[in-house]
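Work through the exercises below with the model open beside you, and try each task before you read its solution.

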Amino acid sequence: MSYLRQFNFLSVCLRMILAMCAGGIIGFGRTRKKKTAGLRTYMLTGIGASLAIMISLYEYEMMTNGLWAPIVEEIGMKYDVSRFAAQVISGAGFLAAGSIIAIEHQQVEGLTTATGLFASVCMGLAAGAGFYECVLITCVLIILVLNVFQPLERMYKRHARNIDLIVEFESVENIQQITELLNEKNASIYDIDIERTTRSGEHYPAAIFSMKMSKGKMSHANMISSIAELDCVYSVEELIA
Amino acid sequence: MLHFLDGLRNVTILSTFFRLMLACVIGGFLGLERSYNNKPAGFRTHILVCLGGCVASMTGLYLYLVAGLATDMSRIGANVISGLGFIGAGTIFVTHKKTIKGLTTAAGLWTAGIIGLAVGAGFYEGAFLGMILVLLTETVFTRLRDLIQHTPPSTLAVSYTRREELDIIVNHLRHENCKITNLKVAGNTNAQTALYNALITLQPNAEMDFTDICRDLEQIDGVVSAEIL
């Protein structure tokens with residue numbers, strides 16, 4: 001095992017293949033859900049991250065035991081093995097940021113994909129460094145978080161007491177009607193954001209209601225349908241953050 | 001490390017020439033597949049990125065090994081990675097359907113740059129191995145990805161005559177243990193038909209048959225139609 005922690009041809013091959021496979025396992029799960037960052041993205045970034053660290057290990061090896069040792073004796077050792085790794089994290093952050101999009105009505109999408117990619121790159125760094133235990137445990141944990149925890153999160157969101165709705169209605173006076181209905185349903189509104197939407201060429205007023213429902217049995221779908229029953233309401237949609 | 005390459009590990013004219021050529025060749029191989037699939041970052045982009053990484057890495061080596069300056073030789077090369085993150089982020093774009101495209105191209109460019117860094121440092125084993133694995137990823141695993149299937153959530157479009165129907169529809173679906181993940185209600189824009197429309201997104205589980213669900217919904221009073229989008 002300690003042979004694989006040293007820098008030789010076999011351990012280089014092993015580390016890169018390990019990084020690729022670990023990234024592949026995570027990407028496999030993401031592709032199944034038809035996410036943006038799929039199998040190949042995770043594998044490519046895993047290969048790149050592990051190669052980056054191995055370049056610095058290579059240069060260090062050359063400076064201590066290899067061809068450049070005489071020059072090191074002359075000038076003095078001035079090398080930081082972790083520099084490549086630090087910049088990989090920075091670069092991976094930028095790549096991941098590219099996959100986050102802000103869509104209409106204050107919604108942000110792609111955040112989990114981005115952070116999953118970031119965590120996977122960091123795991124590739126560990127693989128390149130030869131920190132095999134960490135890679136295995138991290139791989140298991142990332143898969144757990146991305147796959148197993150999602151139903152949990154979804155269940156939480158479905159029963160979440162906070163709900164954001166965007167409602168299109170006839171005129172601004174209708175807001176009072178809507179807020180009365182919401183108060184009847186025991187929802188405490190803590191923000192109303194009024195905007196104008198365009199539909200079939202005309203401008204309709206719309207408002208985003210951010211509210212907290214009381215501990216009732218009202219589900220999100222029920223809340224939406226009860227608002228939709230009002231005459232003045234054209235459409236109702238839940239904003240999923 | 002492979003010792004037959006030791007002649008090329010120092011910074012000499014021969015090794016410089018060899019590394020630059022090798023960077024072009026490797027970059028070409030990596031870009032070939034992307035060009036073949038008509039992606040924006042193609043053949044020449046990958047060669048340029050690989051070449052840039054190689055030169056940056058070699059410059060760092062030169063400053064320390066040949067010029068004899070007491071500097072960290074990896075600093076220039078390391079920031080290439082950061083910079084390629086910037087370029088990669090610019091390759092990613094949002095389509096009008098609000099989906100992200102170009103992430104795999106960006107990751108491929110990023111990796112090509114790092115392979116260029118490896119070539120520049122003289123780490124031929126790593127660069128070559130990296131190139132093989134990247135080509136493997138791009139070709140073999142593309143096929144694998146196409147084989148992976150999974151049912152995405154389905155959306156039903158339901159039209160009904162009275163506003164109050166929606167509550168009945170929603171309760172019916174919940175009784176059938178359907179998980180409603182999204183519900184969008186649109187009012188009637190067409191005054192003649194006086195119909196209301198709702199788009200209900202359901203998360204399917206194994207036993208669910210959507211045609212059965214639609215048929216059940218249509219049997220509710222007041223529901224005009226229910227279909228799968």
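**Exercise 1.** Find which residue stands opposite B:Lys184 and describe how the two strands pair.

*Solution.* Begin at B:Lys184 in β4(B), and look across to the residue that stands opposite, which is A:Glu237. Next, follow the strands themselves: β6(A) and strand β4 (residues 179-186) of chain B pair in the antiparallel sense over 3 bridges, where strands are DSSP runs of E of at least two residues, numbered from the N terminus, and two strands pair if DSSP finds at least two bridges between them. Then turn to the side chains of A:Glu237 and B:Lys184, which meet in a salt bridge of 3.6 Å, N to O; the term stands for a side-chain nitrogen of Lys or Arg within 4 Å of a carboxyl oxygen of Asp or Glu. Because A:Glu237 lies in strand β6 of chain A and B:Lys184 in strand β4 of chain B, this pair joins two chains. Finally, check accessibility: A:Glu237 is partly exposed at 22%, and B:Lys184 is partly exposed at 36%, since buried means under 20% relative accessible area, exposed over 50%, and partly exposed in between (1.4 Å probe, protein chains only).

Before you go on, note that this is a predicted model, in which local features need pLDDT of at least 70 and side-chain atom pairs count only at pLDDT 80 or more, while totals for chains, interfaces and linings use all residues. Residues are numbered from 1 along each chain as its sequence is written, chains are lettered from A and ligands numbered from 1 in the order in which they are written, and side-chain values use heavy atoms, with hydrogens and water left out.

**Exercise 2.** Describe the interface of chain A and chain B, beginning with how many residues each chain gives to the contact.

*Solution.* First, count the residues in contact (heavy atoms within 4.5 Å): chain A gives 74 and chain B gives 80. Second, consider the area: the two chains bury about 7,000 Å² between them, 69% of it on carbon and sulfur atoms, where buried area is the accessible area (1.4 Å probe) that two parts lose on being put together, summed over both. In chain A, the residues that lose the most area to chain B are A:Arg40, A:Leu44 and A:Leu95, together 11% of what that side buries. Third, the interface holds 3 salt bridges.

**Exercise 3.** Locate B:Thr104 and decide whether it is buried or exposed.

*Solution.* Start with its place, which is helix α4 (residues 103-121) of chain B, a helix being a DSSP run of H or I of at least four residues. With a relative accessible area of 14%, B:Thr104 is buried. Leaving aside neighbours within four places in sequence, B:Thr104 is in contact with A:Arg40, A:Thr41, A:Leu44 and B:Arg34.

**Exercise 4.** Compare two salt bridges, one within chain A and one within chain B, by asking where their partners lie.

*Solution.* In chain A, the side chains of A:Arg5 and A:Glu133 meet in a salt bridge of 2.6 Å, N to O. A:Arg5 lies in helix α1 (residues 2-5) and A:Glu133 in helix α7, so the pair ties together parts that are 128 residues apart in sequence. In chain B, B:Glu125 forms a salt bridge with B:Arg9, the closest N and O atoms being 2.6 Å apart. Here B:Glu125 lies in helix α5 (residues 124-147) and B:Arg9 in the segment before α1 (13-36), 116 residues apart. As a last step, look at accessibility: A:Arg5 is partly exposed at 39% and A:Glu133 is partly exposed at 37%, whereas B:Glu125 and B:Arg9 are both buried.
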